[in-house]
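Have the sequence and the coordinates open side by side. This report goes from one sheet to its aromatic contacts and then to a helix.

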Amino acid sequence: MSQMPQQAAVSKCPSCEEPLEPGDRFCGACGYDLSVVPAPPEDSPTVVMNGAAPGPGPARDEVDWPTARNSDGQGRPAPVHAAAELPGTDSGGSPLPSQEPSAPGEPAREPGRESAQEHSSGVRLDRPAEPDEYPLQAPAPRSAPEPAPAAGAGGKVCVACRAGRVDRDGYCENCGHAQPRERDHMEQESGPVAAVSDRGLRHHRNEDAFSVGCTALPDGAPATVAIVCDGVSSATRPDDASLAASRAAGESLLGALPRGTHPQQAMHDAILAASHAVNALAAEPATAREQAPHQNAPACTLVGAVVTGGLLVVGWVGDSRVYWVPADRATPPARLTEDDSWAAQMVAAGLMSEAEAYADERAHAITGWLGADAYELEPHTASFKPDRPGVVVVCTDGLWNYAESAQEMAEAMPLDAAVRPLHSARVLVGHALDGGGHDNVTVALLPFPAPPQGAGSA
């Protein structure tokens with residue numbers, strides 16, 4: 001979850017440690033140029049993942065993909081952004097063009113957190129305090145309860161009294177109890193991929209959304225897809241934004257892969273499709289703007305993964321993440337995405353250590369998102385070639401706040417996640433709820449490599 005943009009600033013001058021004011025571009029004591037930041041690590045389009053440190057040589061995808069549109073002729077969209085943890089070179093052996101991070105003085109969107117508590121991972125939760133529950137007062141039951149609806153009569157039965165029908169407004173006609181909203185807890189399993197989303201314990205609604213599916217490539221090889229979106233809570237209609245983005249991206253991927261589009265190009269196009277879907281939500285009537293002139297555009301973050309027989313492609317905008325957990329737990333897991341956040345920017349710039357950055361109240365201010373008010377859409381994509389089976393974890397910060405490191409995520413996930421993805425997704429959501437459930441929680445699990453069509457949870 002995220003809040004409105006605020007001006008990002010460094011607390012002290014990295015040269016003389018003189019205190020700075022928000023928006024300073026130069027240090028008033030020594031004149032240090034605060035906009036000068038080092039270049040980030042070079043990216044890599046395809047990295048062989050074997051549990052060891054990445055070697056200097058490039059790894060090529062041996063699948064004979066057709067040339068993707070809007071690419072460099074090698075089936076890779078340009079520019080390509082990979083996880084900073086696994087640097088490398090392009091398939092020709094040349095360094096990829098680096099891209100300067102945003103200067104510390106540029107505006108960032110401040111995320112919502114429920115409290116100012118720190119836990120062991122070093123992540124702070126900075127949302128203003130909200131009540132633990134949002135109870136709805138129900139009227140007293142009717143003196144003569146109506147009989148339970150007959151089987152096959154249609155309509156839903158109340159989850160509280162198990163006797164009355166539920167009316168169109170979502171209330172029981174017998175006891176008046178408000179029924180759970182559909183998005184409070186969602187589960188879906190599509191072949192070998194599964195996802196679970198939960199409202200959490202502190203929020204009054206679920207502003208996360210997901211899309212999962214499986215398809216086949218032109219040669220008949222299986223491919224699985226997962227998209228997870230996190231609504232920006234300080235924006236207007238964040239739940240609509242995440243739902244529109246997840247649906248648009250999922251449909252784009254499931255339509256492009258069977259046509260032979262390279263998965264990395266397909267992911268890039270899917271992020272653009274999601275952006276267009278969220279931007280369309282901002283087109284409100286003039287009368288609505290007059291009644292609420294201070295509303296801002298709907299916005300959300302996005303992260304996704306595509307798994308084929310030998311290739312793993314990830315894409316993201318924002319601070320939701322993808323983790324790789326090998327089936328052999330003796331092999332180190334890895335995080336495959338780099339947050340678009342204030343803390344990540346400070347660490348990459350060398351201005352703060354990771355512990356200092358994530359202890360700051362601005363740590364989870366996002367610097368990239370989907371929405372009409374986004375400063376500049378910069379989709380990140382990366383491809384990997386794991387040399388062993390494992391599970392891909394696609395999740396929002398509602399989960400990784402309670403399992404931030406790759407090792408913590410691996411420890412929280414059941415050992416049989418590859419064959420029971422839905423059960424394991426439930427376990428991970430439960431891990432976040434047991435830890436406090438301060439945010440909406442959404443996670444999707446994709447076994448690697450993609451199993452043959454028709455395979456699913458045991």
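## Burial and overall make-up

A residue counts as buried when its relative accessible area is under 20%; over 50% it is exposed, and in between it is partly exposed. The model is predicted. With that cut-off, strand 12 is covered on both faces. Arg321, Tyr323 and Val325 are buried on one side. Val322, Trp324 and Pro326 are buried on the other.

The protein has 8 helices and 17 strands. Of its 458 residues, 52% are buried. Take the contacts between residues at least 6 apart in sequence: 69% of them join residues at least 24 apart.

## The six-stranded sheet

One open sheet holds 6 strands in the order 6-7-17-16-12-13, with antiparallel pairing. Which strands stand at the edges? Strand 6 and strand 13 do. Each has a single partner strand, so one side of each is left without a neighbour in the sheet.

At one end of that order, strand 6 and strand 7 pair antiparallel over 6 bridges. Here Gln188 stands opposite Ala195 in strand 7.

## Strand 12 and its partners

Strand 12 spans residues 321–326, and 6 of its 6 residues are buried. In a regular strand, side chains alternate between the two faces of the sheet. The two buried sets fit that picture: Arg321, Tyr323 and Val325 on one side, Val322, Trp324 and Pro326 on the other.

Strand 12 has antiparallel links to two strands. It is joined to strand 16 by 6 bridges. There, the bridge partner of Trp324 is Val392. Strand 13 (residues 334–335) is joined to strand 12 by 2 bridges. Across that link, Tyr323 stands opposite Arg335.

## Aromatic contacts

How many aromatic pairs are there? The count is 2. A pair of rings is described by the distance of the centres and the angle of the planes.

Trp324 and Phe448 form an edge-to-face pair, at 5.8 Å centre to centre and 85° between the planes. This pair links distant parts of the chain: Trp324 sits in strand 12 and Phe448 in strand 17, 124 residues apart. Both Trp324 and Phe448 are buried. Trp369 and Tyr375 make another pair, with ring centres 5.5 Å apart and planes at 70°, so this pair is edge-to-face as well. Trp369 counts as buried, at 2% relative accessibility. Tyr375 is partly exposed, with a relative accessible area of 49%.

A charge also meets a ring. Arg321 lies over the face of Trp400, 3.5 Å from the ring centre.

## Helix 8

Helix 8 covers residues 421–434, which makes 14 residues. From its first C-alpha to its last it reaches 20 Å, close to the 20 Å expected at 1.5 Å a residue. Gly436 follows helix 8, and its phi is positive, near 140°.

Which residues of helix 8 are buried? They are Pro421, Leu422, Ser424, Ala425, Leu428, Val429 and Ala432. These residues cover an arc of only 165° around the axis, so they lie on the same side of helix 8.

The cover over these buried residues includes several elements of the sheet: strand 6 (185–190), strand 7 (193–198), strand 16 (390–395) and strand 17 (441–448). It also includes helix 6 (397–400) and helix 7 (406–412).

How values were computed: Residues numbered from 1 in each chain as written. Predicted model: local features only at pLDDT ≥ 70, side-chain atom pairs only at ≥ 80, totals over all residues. Heavy atoms only, no water. Helix = DSSP H or I, 4+ residues; strand = E, 2+ residues; numbered from the N terminus. Expected span 1.5 Å × (residues − 1). Buried < 20%, exposed > 50% of the residue type's maximum accessible area, 1.4 Å probe, protein only. Arc of directions from axis to C-beta. Contact = heavy atoms within 4.5 Å. Pairing = 2+ DSSP bridges. Phe/Tyr/Trp six-rings, centres within 6.5 Å; stacked < 30°, edge-to-face > 60°. Lys NZ or Arg CZ within 6 Å of the ring centre and 35° of its normal.
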